[in-house]
Amino acid sequence: MLRKFALLCCALFAAPAAITPAHATESGGGVYPLGAEGALGGALPPPGVYYLGYLQNYEANRFNDGKGDKGLLPDFHVDAQAAVTRFVWVTDRKVLGADFAMHMVAPLVAAQVRVGGVQGQQTGFTDVTIDPFILGWHFKNGLHVITGIDVNVPIGRYDRTNPATVSRHYWNVEPIIALAYTGRKGLQVDVKTMFDINFANPDAQINGLNPTGARYRSGNEFHLEYAVTQAIAPRASLGVSGYYYVQTSSDRVNDASAQRVLDALDGFKGEAVAAGPTLRVGLGKAQLIGTWQHEFTARYRPQGDKLWLKLILPVGH
């Protein structure tokens with residue numbers, strides 16, 4: 001059992017960390033910060049340049065097993081904060097009847113991780129996400145549609161001996177479809193679906209404390225996030241926001257012993273469901289959105305609570 005647990009820990013820490021909340025797929029995170037968009041996330045704004053600022057705090061004191069019960073990893077705690085800068089340029093050009101846009105996302109992350117008596121912490125800018133070809137349609141019935149393909153560029157600091165390293169250290173491609181519906185009586189529904197295609201980490205290790213190299217590939221991921229809000233004042237809306245996450249394929253590693261452990265754990269395929277209240281307030285030309293999300297269930301992932309503060313501000317044309 002001790003050997004099996006050691007191999008499990010090796011498999012868990014073989015890959016790098018996420019943008020937020022500081023863990024890779026097999027340790028509880030992902031390239032996309034779950035729950036980030038929510039309200040006003042399913043429709044492109046009018047042509048112009050927009051600054052979007054996100055502040056996030058995530059904390060979890062349990063890492064669940066495949067049944068959703070806590071205790072798979074002993075003495076587990078993660079505490080992560082992120083300040084994310086995103087610029088969106090919606091051009092005046094039309095492509096297939098849609099507005100043509102592009103964006104770039106640059107996160108600054110501070111992460112603290114403890115598991116099984118091992119602690120790690122790191123602060124710094126992590127991997128950048130770019131999408132040079134976003135299309136957004138607007139229909140007269142109040143429906144909006146966005147499509148795009150985000151690319152995660154692994155330029156962040158990567159330390160394979162640190163369980164809190166803030167970079168994933170490998171490329172990722174993420175097709176996106178987002179929908180929004182704006183009702184006549186202040187009803188707003190936003191839905192965003194994403195599918196992560198992960199590439200192998202060329203510099204991972206089976207054990208972060210033992211330099212035995214191994215290529216690790218996190219499983220592909222599907223996630224859906226949503227927000228349903230209702231106007232409660234001329235410039236304010238209240239509602240619920242959340243997400244569903246599931247890993248669709250198994251983690252793979254080119255070490256036979258570690259792979260057998262992963263296979264015995266159903267490929268370490270994670271799943272999570274979260275929801276919570278969200279409030280949007282208009283402040284001049286800006287929109288401020290606050291959201292709290294509780295993870296009601298999780299398997300092969302941490303289960304915790306997430307707080308978001310999102311600012312949308314037009315800065316030019």
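The following legends describe close-up views of a predicted model.

**View 1. The aromatic pair of F63 and F76.** A search of the whole structure finds 6 aromatic pairs. In the pair of F63 and F76, the ring centres lie 5.4 Å apart and the planes meet at 70°, so the arrangement is edge-to-face. This pair links distant parts of the chain, its two residues being 13 residues apart. F63 belongs to strand β1 (residues 48-63), while F76 is found in the loop between β1 and β2 (77-95).

**View 2. Burial of F63 and F76, and their aromatic cluster.** F63 has a relative accessibility of 1% and therefore counts as buried. F76 is buried as well, its relative accessible area being 6%; the cut-off for a buried residue is under 20%. Together with F268 and Y300, F63 and F76 form one aromatic cluster.

**View 3. The charged end of R301 and the ring of Y245.** The ring of Y245 has the charged end of R301 sitting over it. The distance from this charged end to the ring centre is 4.2 Å.

**View 4. A nonpolar surface patch.** The residues F139, L143, I177, L179, Y181, L187, V228 and V240 make a nonpolar patch of about 600 Å² on the surface. Strand β7 (residues 172-182) gives the most to this patch, contributing 3 residues.

**View 5. V240 within the patch.** V240, one of the residues that make the nonpolar surface patch, lies in strand β13 (residues 236-247). With a relative accessible area of 33%, V240 is partly exposed.

Methods: Residues are numbered from 1 along each chain as its sequence is written. This is a predicted model: local features need pLDDT of at least 70, side-chain atom pairs count only at pLDDT 80 or more; totals for chains, interfaces and linings use all residues. Side-chain values use heavy atoms; hydrogens and water are left out. Rings of Phe, Tyr and Trp (its six-membered ring) pair if their centres lie within 6.5 Å; planes under 30 degrees apart count as stacked, over 60 as edge-to-face and the rest as tilted. Helices (H or I, at least four residues) and strands (E, at least two) are DSSP runs, numbered from the N terminus. Buried means under 20% relative accessible area, exposed over 50%, partly exposed in between (1.4 Å probe, protein chains only). A charge sits over a ring if NZ of Lys or CZ of Arg is within 6 Å of the ring centre and within 35 degrees of the ring normal. Patches are made of residues with over 30% relative accessible area and no salt bridge: like charges are joined within 9 Å, nonpolar side chains (Val, Leu, Ile, Met, Phe, Trp, Tyr) within 5 Å. Accessible areas come from the Shrake-Rupley method with a 1.4 Å probe; for residues, only the protein chains shown count as cover. A salt bridge is a side-chain nitrogen of Lys or Arg within 4 Å of a carboxyl oxygen of Asp or Glu.
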